[in-house]
Amino acid sequence: MEGITNEGLILACSAIGAGLAMIAGIGPGIGQGIAAGYGASAVGRNPGAKSDIMSTMLLGQAVAETTGLYGLAIAFILLFANPLLGKL
Amino acid sequence: MLLAAKGDVDFMIHGLFKYKLFGQEFWITTTHVSILIVMLILLGFAIAANRKMRHGSEVPGGFQNIVELIVEMLDKMVQSSMGRNAGKFMNYIGSIFLFIFVSNISGLFGLRAPTADYGVTLPLGLMTFAIIQYNNVKYNKHRAFTGLFQPLPFLFPINLIGEIAVPFSLSLRLFGNVLSGTVMMSLIYSLLSRFAIGWPGFLHIYFDAFSGAIQTYVFCMLTMVYVTDKLPEEKA
């Protein structure tokens, strides 16, 4: 019976790694949800400042999104531009 | 079976034309064509606005109104963030705002967004880095370097990494958001090709218009905040 080739092993582990990299999506999901909750209660306390609160909240959420995107970038690199294949 | 990709899920960048220069091989890619189209749109808009403003009227109507609206919005944004230093940076911030905004939106019009290519967002981030460090050295002189040792000298590696991470985080944030929008939309169009009629418009509104606008605003806001950090404080 033939075993797995070297290249097949690298590709398989890259696919697993890409899936594991997406676990980084948990952090921004929880953090941004909590921030949205605080934003909503701030609007409830001070309805006149709604547009200020909204732009502050959106700015903060877009910055907090960054670490989730780092995981996405690693997943894309592993799937579509795999640098490990050439190092056999 | 319905959702099996028949091999035509295509969101990659294609090389269109190859040429050699000084012994190196260069490609003209999809991104070059997209940037050219975005540039032509911006240039056309700028030339039309210039011609209109030569004979501007006191009470603006139509096109002049739109141009004044855009300029006022950009001015207000830079003023609110940078205060009295705003005059020196309004040009740069306004230019990158317009370029990134039109690039992000171009997914709606059939182009593959130029900012979905890391080779476009990284130079934008590096330009911001250059401006930040130039202003740092210009206004703080030697304190630009000794500032890395504040408040405690052993924090030098952490401060250094914090400075170097700025262009990479700015560029990766923009790149990741626009690329994920591009990938999602091309997956929907290729996997659900028969059923994707009408309702993908709402997804376009979220991924291309909303996300594109927010990322533009965040990029410009962060640039202004980082630069204002290095400038001397206002003596209130």
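Visitor: Which residues of H4(A) are called buried?
Guide: In this predicted model, the buried residues of H4(A) are A:Gly68, A:Leu69, A:Gly71, A:Leu72, A:Ala75 and A:Leu78. Each of them therefore has 20 or more other C-beta atoms within 10 Å of its own.

Visitor: What covers these buried residues of H4(A)?
Guide: The cover includes H1 (6-21) and H2 of chain A, together with H6 of chain B.

Visitor: What span is expected of H4(A), and what span does the model give?
Guide: H4(A) has 15 residues, for which 21 Å is expected at 1.5 Å a residue. From its first C-alpha to its last, H4(A) reaches 21 Å, close to that expectation.

Visitor: Why does H2(A) count as lying in the open or as buried?
Guide: H2(A) has 20 residues, and the number buried among them is zero, so this helix lies largely in the open.

Visitor: What makes the length of H2(A) agree or disagree with that of a helix?
Guide: H2(A) covers residues 26-45, and at 1.5 Å a residue its 20 residues should span 28 Å. The end C-alpha atoms of H2(A) are 29 Å apart, which agrees.

Visitor: Which elements make up chain A as a whole?
Guide: Chain A has four helices and zero strands, and along its sequence the pattern reads α-α-α-α.

Visitor: What radius of gyration does chain A have, set against that of a compact globule?
Guide: For 88 residues, a compact globule would have a radius of gyration near 12 Å, but chain A has 20 Å. Along the principal axes, the C-alpha atoms of chain A fill a box of roughly 70 × 20 × 10 Å. Of the 88 residues of chain A, 9% count as buried.

Visitor: What share of the contacts in chain A joins residues 24 or more positions apart?
Guide: Among contacts in chain A with a separation of 6 or more, the share is 84%.

Visitor: How many residues does each chain bring to the contact between chain A and chain B?
Guide: Twelve residues of chain B are in contact with eleven residues of chain A. On the side of chain B that touches chain A, H6 (156-191) and H7 (200-230) each supply at least two residues. H6(B) gives the most, with seven residues. By class, this side of chain B has six nonpolar, five polar and one charged residues.

Visitor: Which residues have the most contacts inside the largest nonpolar core?
Guide: They are B:Val178, B:Phe219, B:Cys220 and B:Met224, in a core of 26 residues. The elements that give two or more residues to this core are H4 (66-80) of chain A and, from chain B, H3 (86-105), H6 and H7.

Visitor: Which residues does B:Val178 touch, leaving out those up to four places away in sequence?
Guide: B:Val178 touches B:Asn104, B:Ala113, B:Thr115, B:Ala116, B:Gly212 and B:Gln215.

Visitor: Why is B:Thr121 called buried or exposed?
Guide: The cut-off for a buried residue is 20 or more other C-beta atoms within 10 Å. B:Thr121 has 27 C-beta neighbours inside 10 Å, so B:Thr121 counts as buried. This residue is found in H4 (residues 118-140) of chain B. Beyond four places in sequence, B:Thr121 touches B:Thr115, B:Ser171, B:Leu174 and B:Phe175. B:Pro167 is 46 residues from B:Thr121 in sequence and 9.5 Å away in space, C-alpha to C-alpha.

Visitor: What joins S1(B) to S2(B), and in which direction do they run?
Guide: Six bridges join S1 (residues 15-21) of chain B to S2(B), and the two strands run antiparallel. In this pairing, B:Lys20 stands opposite B:Glu25 in S2(B). The two strands form a hairpin with two residues between them.

Visitor: Why is S2(B) said to lie in the open or to be buried?
Guide: S2(B) has six residues, 24-29, and the number buried is zero, so S2(B) lies largely in the open.

Visitor: What phi does B:Phe22 have?
Guide: Phi of B:Phe22 is near 50 degrees, a positive value in a residue other than glycine. B:Phe22 is found in the loop between S1 and S2 of chain B. An exposed residue has 12 or fewer other C-beta atoms within 10 Å; B:Phe22 has 5, and is therefore exposed.

Visitor: What can be said of phi in B:Lys141, and where does this residue lie?
Guide: B:Lys141 has a positive phi of about 45 degrees although it is not a glycine. B:Lys141 lies in the loop between H4 and H5 (143-146) of chain B. With 10 other C-beta atoms within 10 Å, B:Lys141 is exposed.

Note on methods:
Residues numbered from 1 in each chain as written. Chains lettered and ligands numbered in written order. Predicted model: local features only at pLDDT ≥ 70, side-chain atom pairs only at ≥ 80, totals over all residues. Contact = placed C-beta atoms within 7 Å. Nonpolar A, V, L, I, M, F, W, Y, C, P; charged D, E, K, R; others polar. Rg over C-alpha atoms; globule rule 2.2 N^0.38 Å. Pairing = 2+ DSSP bridges. Expected span 1.5 Å × (residues − 1). Core = buried A, V, L, I, M, F, W, Y, C linked by C-beta atoms within 7 Å.
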